[in-house]
Structure formats: structure tokens, C-alpha cells
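Trainee: I would like a close look at one part of this model. Please take the internal cavities, then the helix packing that goes with them.

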Amino acid sequence: MDSAAALPPAVEPKKTGNVKFAFACAILASMTSILLGYDIGVMSGASLYIQEDLKITDTQVEVLLGILNVYSLIGSFAAGRTSDWIGRRFTIVFAAVIFFAGALIMGFSVNFAMLMFGRFVAGIGVGYALMIAPVYTAEVSPASSRGFLTSFPEVFINFGILLGYVSNYAFSRLTLHLGWRVMLGIGAGPSVLLGFMVLGMPESPRWLVMKGRLADAKVVLARTSDTPEEAAERLDDIKTAAGIPLDLDGDVVAVPKTKGSSQEKRVWKELIFSPTPAMRHILISGIGIHFFQQASGIDAVVLYSPRVFKSAGITGDKRLLGTTVAVGATKTVFILVATFLLDRIGRRPLLLTSTGGMIVSLAGLAAGLTVVSKHPDEKITWAIVLCIFCIMAYVAFFSIGLGPITWVYSSEIFPLHVRALGCSLGVALNRLTSGVISMTFLSLSKAITIGGAFFLFAGIASLAWVFFFTYLPETRGRTLEDMSQIFGSTATHKQAGATAEAAAKDKKVEMAATN
């Protein structure tokens, strides 16, 4: 029998379902992503004033903007162990507290060194937030709406970017000495509110089961599942993944586990050092999508958008910052569209369409910037319009696919016992790649021209499309516990995806016949 055909039928996404509670939990958890988004957005404009006020070089600006991503690696790796120790919910609170401290330090900075220290503290908080938000959301979400709910972190990153852009525009009227400090320091406010709001969330049912707290897990599952039958099925799946016998019941049970160090070694061995073919496929897919999300140049556009627009021929701080706000609005609108398509259309179609559109947009932007740079004394209107259009198209295509799907996909494919480590590795590579792009973009633009830089990003995006098409199977409608079977299938990923869709349709027809 074909192994793809042997896969269990996909869970048909339901148009109606009791997901209100899961929806509220996902929103609260994902709001931590606002912290990263705001930092990205506000630094794009604040860096112009910081450079003028502190008299720093372009190289220092690159380091200042990109170093937060490198610092976030610390938080990303620490978040896995922290969330397994104190729980997903309190890890989110911890992330908010750390970012609050970092924002205050940046807001009160008196020199470049103090500003860099503030970036270090805030970066750790960002690393925590980026890792834990999608993991928590995936673990509380029913399969029928997991794509919709798990895309929320990317939604709030975009909302945070938009807030950062608006902050740049609003506070640009202040004095040079005060303006950028207010832009950065005001980011501490939302983190305080977030920390208190998250305390009202329940703990992840999967973490509760891992700690043997079955009664508490049942309560959460009952409130986040479409039906009581689904809640019972999810509990059995989690118990199996955690090594708890299905016939073992009670409010609190003993969870069979080895010593902490042995358990950690086992996780590293299964995921990194001696993985099965299925686990290797999962690992490469999870870290690969994170790498290509950032390597395709999104931070070059978002973080340096005022400079890119300036290179395209737009002059004046007000016009530059105003046009940048339009970029943030475009990203936010299209990420909202994506949230409603993930569980209707599926991951693969959106991902491939998104990446294809990004390739065309990057090539068009590179061509327009090349024309403008070759005629510095002329105002070539069509080239300027082309640049603006391609930037808007690029962020729209990114936000409708590769942006949110990266977090959805990577948070749902790792098995329970390696999920924290797997997601930490993915986020770590994401932030490292983002840091490299951020800290080299200005230098790269000087070396091969700004047009050449975007031609390079277009080439990387082309490689990404090939990788996604050949290596990533469809996961729409599958339970988290099905993923090992999907990725271990010997059939082609396209066949597996087609089989999943056919099974879903057959189930729908069967339900209609019985009604």
C-alpha cells in the first residue's frame, strides 16, 4: 500500500467552531510579537536622527540596527528550556519584562555604548517572545483553525512595525536630542500592559500533560477544541507523545521520564545528532523556511526603507517617513488577508504564490533602483514609480505567504518532545540571518550598488521557491501528532498533499450523505 495513502484523513477545517477562547489566547500570546515589530519599525526612522545626534558612522548604524537580532539568539535558545521549566505562559511574561527594561535603557541612553546595552537587553526579550508565541498558540489551537491562529504572531509583528513607523512620523517634530529617545522609550509602555494581560491566559495543555497535570489539561482542551470528541482525541495524542499510558488517568499523574541531563541529550540526539529520515526532513524544513524568510531581504526593505526610498529619488524626512508608513500599512493589511486564507487554501499554494511574487517584485525594484542610480542628476519619474510600486508589491506578497507561514509551519511540524528545541533553532537561525542582512546591507549596497543588492535578494528568493516546491509537504488540517507520518512518507510531497486534500473531500461528502 502506498505510504501516503496510509496517512490518517485530514481534519476538515470547520467554518464554525467554538474557537473563541483559543482565539483570545492566541491574541494575547501573539501580542509579544508587537515588541519586535515596533523595534524594527521605529529604528528604521530613529536611526536617521541617532546618526545625526550621536555622530556615528554608517557601519555603527548597521551594527546598531542589526545587533538586536544577534542578541535575540540568547533569548531564543534560553526560551526553550525556560518554557519547559516554568511553562509557556510565564515565559511570555518574562519576555515582556526583559523588553520593558531594554526599552527604558534605550530611551534614556546618553551615548552609543549605553544605547547598545539597551539593544542587548531588548534583544534577549525579543528572542524569548519570538520563540514562545507561536509555540503556545499552536499548542492551544484546534487543528481546524491552527493556521489562522498561529499566524497571529506575524500579524502583530506587522502591526508593531506600523506603530513604529507612525511613532517615527509623530515624534519627528520633536527636537533632535529628544525625538529619537521618545521613539525608543515609549516602547516600554505596551510591554507592561502585556505582562499583566497574559496572566489571565491558561497554560498550554501540552505543557500541562508533560507535567502530569491531566485535570488542568482537560479543562483547557475542552475550552479550545471544536467538540468534546476532539478534546478527548487531542488529550490521547498528547499523552502518547509524552509517554503516558492511555489508560492512566487522574488529576495528577506521574510522567515517566529520565533525568534532566539524559532527557536533554536524548532530545538533541533525536533532532540533531542521530535523527530518523522523518525527523531530518522536519528539521531541514523548519530551519530552511526560517532561513529563506530572512535571506530574501525583508529586513533590507523594512529596516532601511527610508534609505531605500531616498535612493529611489524621494527627498525630505517627512516624505520619506510618510512613504514608509504606507509600507507598514500595506504589510498589515495583507497579513490580515493571509490569516483568513491559511486554513482555506493551505500552506503550499500561499507559500509558492507569495515567493513567486516576491521574486518579480525584487527584480523590478532592483531594475528601478539601477536606473535611478545611473542618472543621479535626473528625476526619472517612471523609475521612481516602479520602485515604490515594487516595494509595496514585495511587502504585500511577503505578508500574504512567506511572512506568516514561516511561523505557522515551523511551530506545527516538530514532535512534542523536541518542539521547544526545534522552534528555538528555527528562531535562532531566523534572527541570525536577519542580523547578517541588517548589519551588511549598507556595506553591500556600496560594494555592488543598491540595485545589485536587490538582484541578489531576487536570486535567493528564487532558490527559496525551488526549496519550498520540492521539500515542504502540505500540513493544512493535520493534527500536530500527525506530522511525523507526513514527513516520513516515502511518496512525493505533492502526492501526500493531494491525498490529504482528497481525504478531506471524501470525509466532507460522507458527512453530507449521512446528513
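How much space lies in the largest cavity?

Mentor: The model is predicted, so read every value here as computed from it. The largest cavity holds about 120 Å³ of space. A search of the whole structure finds three cavities of 30 Å³ or more.

Start with the walls of the largest cavity. Its lining has 14 residues. Closest to the centre are E154, I157, Q294, D299 and F398. Four helices each supply at least two residues of this lining. They are helix 2 (33-54), helix 7 (152-171), helix 14 (277-295) and helix 15 (298-303). By class, eight of the lining residues are nonpolar, two are polar and four are charged.

Now the second largest cavity. About 60 Å³ of space lies there. Its lining consists of L36, D39, I40, L65, L68, N69, R119, D299, L303, R431, S434 and S438. Two or more of these residues come from each of helix 2, helix 3 (58-86), helix 15 and helix 21 (416-471). The classes are five nonpolar, three polar and four charged.

Compare the two walls. D299 is among the residues closest to the centre of the largest cavity, and D299 also lines the second largest one. Helix 2 and helix 15 give at least two residues to the lining of the largest cavity. Both helices also give two or more to the second.

Next, look at how helix 2 meets helix 7. They pack at an angle of about 30°, with their axes 6 Å apart. The crossing is right-handed. From helix 2, the contact uses S33, I34, L36, G37, Y38, I40, G41, V42, S44, G45 and A46. From helix 7 come P153, F156, I157, F159, G160, I161, L163, G164, Y165, S167 and N168. This contact has 13 nonpolar residues, nine polar and no charged.

Some names recur. I157 of helix 7 takes part in the contact, and I157 is also among the residues closest to the centre of the largest cavity. L36 and I40 of helix 2 are in the contact too, and both line the second largest cavity.

For a contrast, take helix 4 (residues 88-107) and helix 5 (residues 112-140). They pack at about 155°, with axes 7 Å apart. That angle makes helix 4 roughly antiparallel to helix 5. The crossing here is left-handed. By class, this contact has 20 nonpolar, four polar and three charged residues.

Notes:
Residues are numbered from 1 along each chain as its sequence is written. This is a predicted model: local features need pLDDT of at least 70, side-chain atom pairs count only at pLDDT 80 or more; totals for chains, interfaces and linings use all residues. Side-chain values use heavy atoms; hydrogens and water are left out. On a 1 Å grid over the protein atoms alone, a cavity is a set of points where a 1.4 Å probe fits but cannot get out, and a pocket is an open set with protein on both sides within 12 Å along at least five of seven lines; lining residues have an atom within 4 Å of a point. Grid points are joined across faces, edges and corners, and a volume is the space filled by probe spheres set on the points. Ala, Val, Leu, Ile, Met, Phe, Trp, Tyr, Cys and Pro count as nonpolar, Asp, Glu, Lys and Arg as charged, and the others, Gly among them, as polar. Axes are lines fitted to C-alpha atoms, for helices over the stretch in contact, and angles run from 0 to 180 degrees between N-to-C directions. Angles under 35 degrees count as roughly parallel, over 145 as roughly antiparallel, 65 to 115 as roughly perpendicular and the rest as oblique. A crossing is left-handed if the near helix is turned anticlockwise from the far one by less than a right angle, and right-handed if clockwise. Contact means heavy atoms within 4.5 Å.
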